[in-house]
Amino acid sequence: MVNSAEKFMRRALVLAKRGEGKTSPNPAVGCVIVRDGAIVGEGWHRRAGTPHAEVHALRQAGELARNADVYVTLEPCSHYGKTPPCADALVEAGVRRVFVGMVDPNPKVSGRGIQRLQSAGIEVVTGILEAGCRRLNEPFVKHVTTGLPFVILKSAMTMDGKTATATGDSRWITNEKSRHYVHRLRSKVDGIMVGVGTVIADDPQLTARIPSGRDPLRIVVDSSLRIPPDSRILRQESAATTVVATISKELNRIACLQYPGVEILQCNEDDGTVDLRDLLARLGSRGVQSVLIEGGSTLAGRALRAGLIDKFVLFYAPKFLGGADGFGLFSGPASRMMAECRRLKDVTVRRFGDDVMIEAYPEEECLPVS
């Protein structure tokens, strides 16, 4: 039973991934309905506010759902939101068993959906491919349990760890395939964050330039409002807005930046700069579940030392800058001993042509430096 359960849960995970980046603030969920060993219904949550995965799968299965087994990546909801409870829909359909990838961490659900099914006499099995199900929705899990966004640090480097030359030139380190993947990643997150130095040096757009891609919220950390008023990031024709996080209260500077779709966000101060934890808390309170940090080294270094990075996505191109000049991934004080280095776990490697991408997570003991 375990092997077949994992087989159908893997299919549910494949379906769930089709909704990545489209369901926030809801999680991405996939559902498969099986009867007599054959799939009779499939579904995934396609967009926030629309029917959930279970509803799509039940509609496809029709009467074949009765006495069938259901495989769903996340515990069926038990409360009324913009859609009716999925647990009730499964009960009404008369399913026999429900295999759940992971219990919903949302306090509004958190076991209540399972209890609803069990009270109706439906057998429930939990924890099928749980690690994969949790990873699929890591932004949702962190946000719903802490109120903070899930923070991903992305960077492109040469093999000797340089993100730009001494002149600031960084176009292009990686190849087109890698850059296309980054745009897909951008379309899946709620926000992209950069420091003002990156805006001054590169004048980026921070958009997801792929077909049907969704532009995320653009966030510039600019403690003293140095951002040039003619920056492209302030004048984007996009449904997404731009937030400039600052501690400056200079009214003249603020007035120069009052473009449509631009917000000046006043944050708490941390040693003369924007308090990043306060900024993330403010973003989380607005429903931002995931933030992609894309530059530069000052922002990345501060986030690392504060223990705010949840995941690393690092691209390495088969190039050497050579010498000591150029910019590295992090600025600021570094560990003085190898034993003090921050370590990573769950490391995976993927290739995009000749480029290499490394995804990894900080170990639990990677805490803020005191």
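**Notes on helix and strand contacts**

1. Let me start with the aromatic rings: the count comes to five aromatic pairs in this predicted model. One of them is formed by Phe 8 and Tyr 71. Their ring centres are 5.2 Å apart and their planes make an angle of 40°, so the pair is classed as tilted, the class between the limits of 30 and 60 degrees.

2. It is worth looking at where these two rings sit. Phe 8 belongs to helix H1 (residues 2–16), while Tyr 71 lies in strand S3. The two residues are 63 apart along the chain, and the pair thus links distant parts of it.

3. Strand S3 (residues 69–74) also pairs with strand S1 (residues 30–35). The two strands run antiparallel and are joined by four bridges. If you would like one bridge to check by eye, take Ile 33, whose partner in S3 is Val 70.

4. Both strands are part of an open, five-stranded sheet with mixed pairing, in the order S2-S1-S3-S4-S5. Which strands stand at the edges? They are S2 (38–44) and S5 (123–126); each has a single partner strand, so one side of each lacks a neighbour in the sheet. On average, neighbouring strands here are turned by 15° against each other, with direction ignored.

5. Now to a helix pair. How do H2 and H3 lie relative to each other? The axes of H2 (residues 53–61) and H3 (residues 86–93) come within 9 Å and cross at roughly 20°. That angle is under 35 degrees, and the helices are therefore roughly parallel to each other. The crossing of H2 past H3 is left-handed.

6. The residues behind this contact are Glu 54, Val 55 and Leu 58 on the H2 side, and Cys 86, Ala 89, Leu 90 and Ala 93 on the H3 side. By class, six are nonpolar, one is charged and none is polar. The charged residue is Glu 54.

7. Further along the chain, please have a look at strands S15 (residues 344–352) and S16 (residues 355–362), an antiparallel pair joined by seven bridges. Within this pairing, Leu 344 is found opposite Pro 362 of S16. The two strands form a hairpin with two residues between them. Gly 353, in the turn, has a positive phi of about 65°.

Technical notes
Residues are numbered from 1 along each chain as its sequence is written. This is a predicted model: local features need pLDDT of at least 70, side-chain atom pairs count only at pLDDT 80 or more; totals for chains, interfaces and linings use all residues. Side-chain values use heavy atoms; hydrogens and water are left out. Axes are lines fitted to C-alpha atoms, for helices over the stretch in contact, and angles run from 0 to 180 degrees between N-to-C directions. Angles under 35 degrees count as roughly parallel, over 145 as roughly antiparallel, 65 to 115 as roughly perpendicular and the rest as oblique. A crossing is left-handed if the near helix is turned anticlockwise from the far one by less than a right angle, and right-handed if clockwise. Contact means heavy atoms within 4.5 Å. Two strands pair if DSSP finds at least two bridges between them. Rings of Phe, Tyr and Trp (its six-membered ring) pair if their centres lie within 6.5 Å; planes under 30 degrees apart count as stacked, over 60 as edge-to-face and the rest as tilted.
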